[in-house]
Amino acid sequence: MAPRRKIVTARRSSQRSRSPSFLKSLFGLGTALILALAFVLALFKWTNDDPIGLYHHAGSYVNWDARREKVKSAFITSWDAYSANAWGYDRYHPVSEKGSQMSPNGLGWIIVDSLDTIMLMNLTDRLTEPRKWLQRSLNYNQDQDVNTFEMTIRMLGGLLSAHYLATKLPNIASRRDSVYLSKAVEVADRLLPAYESRSGIPYASVHLSKAKGIVSHADGGSSSTAEAGTLQLEMKYLSYLTGNDTYWRKAERAMKVLSDNHAKDGLVPIFVHPESGKFTSREIRLGSRGDSYYEYLVKQFLQTSGQEPVYQEMWEEALEGIQKHLITTTKHSGLKFVAELPQGIGEPLSPKMDHLVCFLPGLIAIGATQGHTLAKARTWPSWDGKKEDQIQLARDLIKTCWGMYTVTKTGLAPEIAWFHANEEALRPAPGDRPLAPTKDSLAAWKKDYVVKPLDAHNLQRPETVESLFMMWRVTEDPLYREWGWKIFNSFEKHTKLSQERGYTSVNDVNAVPPPPRDNMESFWLAETLKYLYLLFSPTDFIPLTEVVFNTEAHIFPVLSKLKWQTGWSRS
């Protein structure tokens with residue numbers, strides 16, 4: 001009978017195990033599992049819809065030196081491919097593995113533009129041949145007309161930057177270094193005829209061997225306002241080095257002429273005639289033909305250690321004008337973007353923003369803090385709510401620039417972005433109205449960005465990574481480094497052809513794989529990879545308080561002891 005009692009006991013135990021308290025516990029466990037699963041699903045959905053990212057929260061644990069080496073490796077691949085397939089040519093076509101010239105004998109476009117990046121990366125073994133080429137092959141006495149602006153920012157800027165860094169960085173100096181300054185003087189002297197207009201506004205082009213300025217063949221002979229206002233850093237530094245104030249005064253004259261037009265709220269139209277010195281259009285934009293005029297207002301003030309306050313005054317006026325007339329928001333996510341004014345102030349805005357405009361967030365940041373960290377700037381007695389608003393605007397705009405990358409299939413930005421915006425947002429003077437709050441939702445962002453087929457190409461442009469670098473240095477927020485790393489990985493994945501051919505610009509950022517354009521821009525080497533390298537470098541390497549970058553990312557020192565003062569004042 002004993003076995004039977006055991007069975008009965010087991011049955012009773014089984015019945016007790018199904019008691020209400022046990023079922024209640026079982027129900028509670030199931031509910032917890034369901035809630036946990038719902039939380040995981042919600043978190044997964046949130047992270048998939050989060051355009052900002054989470055990895056930056058672990059920024060202090062990232063091996064940034066390793067990431068910097070990855071960028072350096074990309075530069076080496078690009079440079080070596082050019083050297084092997086197109087040495088001495090102005091352009092490199094990586095798909096067809098050949099080069100082409102922009103003048104009869106070449107102008108050293110890629111070589112000169114890349115010199116200071118080679119120096120920054122301490123690639124001394126790759127510096128010998130460019131130095132020899134400058135001495136033995138570079139000749140500016142050619143039957144060729146060249147763009148005044150491009151020759152100034154790339155060639156003159158590249159040579160002056162190489163001259164500076166050769167004296168600044170370890171292991172770079174050579175007995176041949178005098179070639180940098182001598183060639184800089186030669187090219188500047190050949191550019192001087194461009195300034196011989198009646199007004200002092202430089203002609204769009206200059207003929208190298210004939211020493212003659214040439215009016216633009218388009219736009220009614222007008223010069224681009226950005227080009228006229230983006231020659232000063234280079235010419236001033238050359239005057240400082242040579243003791244010859246001709247370069248300084250010629251370039252400075254253009255700033256007075258532009259100022260004398262008394263542009264409303266500091267916003268300048270994009271064309272100015274070199275003979276009359278008057279604006280010839282109403283269109284205002286911070287993309288092509290407008291952008292670097294504003295950039296050089298800040299940087300001229302910084303270059304001369306704040307000893308030319310007229311440029312800071314002009315910048316502050318222009319920035320208030322930008323906030324009032326150009327900053328508006330998108331329809332679905334409230335992202336702030338810099339619109340255009342095709343018919344000028346007082347007329348409707350156009351919801352178009354060139355990738356070129358993405359220089360602006362970084363510029364606003366260094367303009368507010370003068371290159372110092374935000375933490376330090378906030379200790380100044382002069383720091384106020386207006387400066388805080390400027391920093392917030394910089395944060396808002398760099399987010400929009402990041403969005404240009406994150407909404408595309410390749411993770412690369414188009415040349416131009418258009419935006420969906422409400423009719424109210426495109427009415428004149430949006431800064432006089434409350435702006436919509438921003439919604440950080442990738443789904444909403446994708447509804448707001450419009451990439452038109454003709455604008456879908458990516459030219460390996462630097463403006464966003466330039467601003468990321470400056471925003472990181474100023475705010476010390478690792479988010480900007482992480483965004484830069486993601487952008488670099490997109491370049492690696494979609495623009496690298498092979499180790500032997502290097503990298504190419506592409507035709508469609510929403511096609512995977514994107515069709516190659518068969519061209520490697522010189523600013524890929526001069527700017528994009530340089531800024532990425534600096535973004536991942538220690539913050540005491542090339543500090544923003546000691547240098548200014550020209551609009552081609554060439555590096556000049558901040559000048560403290562000046563031989564000359566500003567030769568004009570605002571009327």
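Is Y240 buried, partly exposed or exposed? Select Y240 to begin: with a relative accessible area of 28%, Y240 is partly exposed, since the partly exposed class runs between 20% and 50%. Keep in mind throughout that this is a predicted model.

**The ring pair in α9**

Add Y237 to the selection. Y237 has 3% relative accessibility and counts as buried. Y237 and Y240 both belong to helix α9, residues 232-242, where a spacing of three residues puts about one helical turn between them. Now look at the two rings. A search of the whole structure finds 22 aromatic pairs. In the pair Y237 and Y240, the ring centres are 6.4 Å apart and the planes stand at 25 degrees, so the pair is stacked.

**Other aromatic residues**

Go next to helix α18, residues 479-495, and select Y480 and W483, which are three residues apart, about one turn of the helix. Both Y480 and W483 are buried. Their ring centres are 5.8 Å apart with planes at 75 degrees, so this pair is edge-to-face. Then select F75, W79, Y82, W87 and Y92, which form one aromatic cluster.

**A184 in α7**

Select A184, found in helix α7, residues 178-191. A184 has a relative accessible area of 0% and is buried. Which residues is A184 in contact with, leaving aside neighbours within four places in sequence? Show L156, L159, L160 and L238 to see them. For L160, 24 residues away along the chain from A184, the C-alpha atoms of the two are separated by 6.5 Å.

**K387 in α15**

Move to helix α15, residues 385-406, and select K387. K387 counts as buried, at 14% relative accessibility. Show E316 as well: the side chains of K387 and E316 are joined by a polar contact of 2.8 Å. Beyond neighbours within four places in sequence, K387 is in contact with E316, G367 and A368.

**The largest pocket**

Turn on a surface and find F149, E150, D291, L356 and R461, the residues nearest the centre of the largest pocket among the 24 that line it. Its volume is about 560 Å³. Helices α6 (148-168), α8 (225-228), α11, α17 (463-475) and α19 (522-535) each give two or more residues to this lining. The largest share, four residues, comes from α6. By class, the lining of the largest pocket has 12 charged, seven nonpolar and five polar residues.

**The second largest pocket**

For the second largest pocket, select D50, W402, T406, L442 and K486, the closest to its centre of the 21 lining residues. The volume of this pocket is about 460 Å³. At least two lining residues come from each of α2 (20-48), α15 and α18. The most, six residues, come from α18. The lining of the second largest pocket divides into 10 polar, seven nonpolar and four charged residues.

**The largest cavity**

How many cavities of 30 Å³ or more are there? The count comes to four. To see the largest cavity, select its lining: K299, L302, I366, G371, M470, L544, V547, V548 and F549. Two elements, α11 (291-303) and β15 (547-549), give two or more residues to this lining. The largest share, three residues, comes from β15. The space inside the largest cavity is about 60 Å³. Its lining has seven nonpolar residues, one polar and one charged.

Terms used: Residues numbered from 1 in each chain as written. Predicted model: local features only at pLDDT ≥ 70, side-chain atom pairs only at ≥ 80, totals over all residues. Heavy atoms only, no water. Buried < 20%, exposed > 50% of the residue type's maximum accessible area, 1.4 Å probe, protein only. Contact = heavy atoms within 4.5 Å. 1 Å grid on protein atoms, 1.4 Å probe; cavity = no way out; pocket = protein on both sides within 12 Å on 5 of 7 lines; lining within 4 Å. Points joined across faces, edges and corners; volume = space filled by probe spheres on them. Nonpolar A, V, L, I, M, F, W, Y, C, P; charged D, E, K, R; others polar. Polar contact = N/O pair within 3.5 Å; in protein donor to acceptor, adjacent residues only side chain to side chain. Phe/Tyr/Trp six-rings, centres within 6.5 Å; stacked < 30°, edge-to-face > 60°.
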